[in-house]
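Trainee: I should like to learn how to read the features of a protein model. Would you guide me through one?

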Amino acid sequence: IGGPRVFLPQGTPQMATFDRTYRITCTVTDFLGTPSETQIIEVYKLSSPVPTVVFTPAAITTTTDQENYVNGKAVFSTCPVQKSSLRFTWTQLGGPALPASILGKTKPQLKIRKDVLLPGSLYVLRLRATMQHDPSKYSESTVTIRTLTLPLVAQIAGGSGMRS
């Protein structure tokens, strides 16, 4: 290997057996021929990998007068294994409480109507994707929603003109 990183191709064909721990050892030799201490990294290859949960975008900045869509999705491994159905659950980890009707959705996307989020707040939501056939296997990720405060706009009724 001629560099500081090791890359394995998709599906890791060098690791042909599933449900097994592989040990990768590394020793570096400097230009004087002196070897470093051996480092060992253990990698466990699952036969049924859990998909990764990702958000697009990873963080949202908005105002209270906008409708918002939180878009999560599950990205499956490219390993040649059977894909399982997923169950999605949302949890709020921070910020003013959101209505249960929003967080009770079982899809990876949320729609938050305008005027639901409070101005000047930071919300933290977690999306968990659980394998239907084995609930012990899951992946989760968090997304933040920052609401900005809108500028104050005054409308005075009864005026007939402007004066400086």
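Mentor: The dialogue below goes from the whole chain to single residues. The model is predicted, so to speak of local features requires a pLDDT of at least 70 and side-chain atom pairs count only at pLDDT 80 or more, while totals for chains, interfaces and linings use all residues. Residues are numbered from 1 along each chain as its sequence is written, and side-chain values use heavy atoms, with hydrogens and water left out.

Trainee: How many helices and strands does the secondary structure of the chain hold?

Mentor: Helices (H or I, at least four residues) and strands (E, at least two) are DSSP runs, numbered from the N terminus. Here there are 1 helix and 9 strands. Along the sequence they follow the pattern β-β-β-β-β-β-α-β-β-β.

Trainee: What percentage of the residues count as buried?

Mentor: Buried means under 20% relative accessible area, exposed over 50%, and partly exposed in between (1.4 Å probe, protein chains only). Of the 164 residues of the chain, 26% are buried. The area comes from the Shrake-Rupley method with a 1.4 Å probe, and for residues only the protein chains shown count as cover. The chain exposes about 11600 Å², of which carbon and sulfur atoms supply 54%.

Trainee: Which strands form the open sheet of 4 strands, and in what order?

Mentor: Two strands pair if DSSP finds at least two bridges between them. The order in this sheet is S4-S9-S8-S6, and the pairing is mixed. Strand S4 (59-63) and S6 are the edge strands, each pairing on one side only. As for the twist, axes are lines fitted to C-alpha atoms, for helices over the stretch in contact, and angles run from 0 to 180 degrees between N-to-C directions. Neighbouring strands of this sheet are turned by 25 degrees against each other on average, direction ignored. Within the sheet, strand S8 (residues 122-131) and strand S9 (residues 138-148) run antiparallel and are joined by 9 bridges. Arg-126 has Thr-142 in S9 as its bridge partner.

Trainee: In what order do the strands of the open sheet of 3 strands stand?

Mentor: That order is S3-S5-S7, with antiparallel pairing. S3 and strand S7 (109-112) are the edges, and each pairs on one side only. The twist averages 15 degrees from one strand to the next. Between S3 and strand S5 (residues 68-75), which run antiparallel, there are 4 bridges. Thr-52 stands opposite Val-75 in S5, and Val-53 stands opposite Ala-74 in S5.

Trainee: Where do the side chains along S3 point?

Mentor: In a regular strand the side chains alternate between the two faces of the sheet. In S3, Val-53 and Phe-55 point to one face and are buried, whereas Thr-52 and Val-54 point to the other and are not.

Trainee: How many aromatic pairs are there?

Mentor: Rings of Phe, Tyr and Trp (its six-membered ring) pair if their centres lie within 6.5 Å; planes under 30 degrees apart count as stacked, over 60 as edge-to-face and the rest as tilted. This rule gives 1 aromatic pair. The ring centres of Phe-55 and Trp-90 are 5.9 Å apart and the planes stand at 50 degrees, so the pair is tilted. Phe-55 lies in strand S3 (residues 52-55) and Trp-90 in strand S6 (residues 86-94), so the pair ties together parts that are 35 residues apart in sequence. Phe-55 is buried at 9% relative accessibility, and Trp-90 is buried at 7%.

Trainee: Which rings have the charged end of an Arg over them?

Mentor: A charge sits over a ring if NZ of Lys or CZ of Arg is within 6 Å of the ring centre and within 35 degrees of the ring normal. The charged end of Arg-20 sits over the ring of Tyr-22, 4.5 Å from its centre. For Arg-128 the ring is that of Tyr-138, with 3.8 Å to the centre.

Trainee: What joins Thr-56 and Pro-57, and what is the sign of phi in Asp-115?

Mentor: Most residues other than glycine have a negative phi, and most peptide bonds are trans. Thr-56 and Pro-57 are joined by a cis peptide bond, with omega about -5 degrees, and Pro-57 lies in the loop between S3 and S4. Asp-115 has a positive phi, near 70 degrees. Asp-115 lies in the loop between S7 and S8 and is exposed, with a relative accessible area of 60%.
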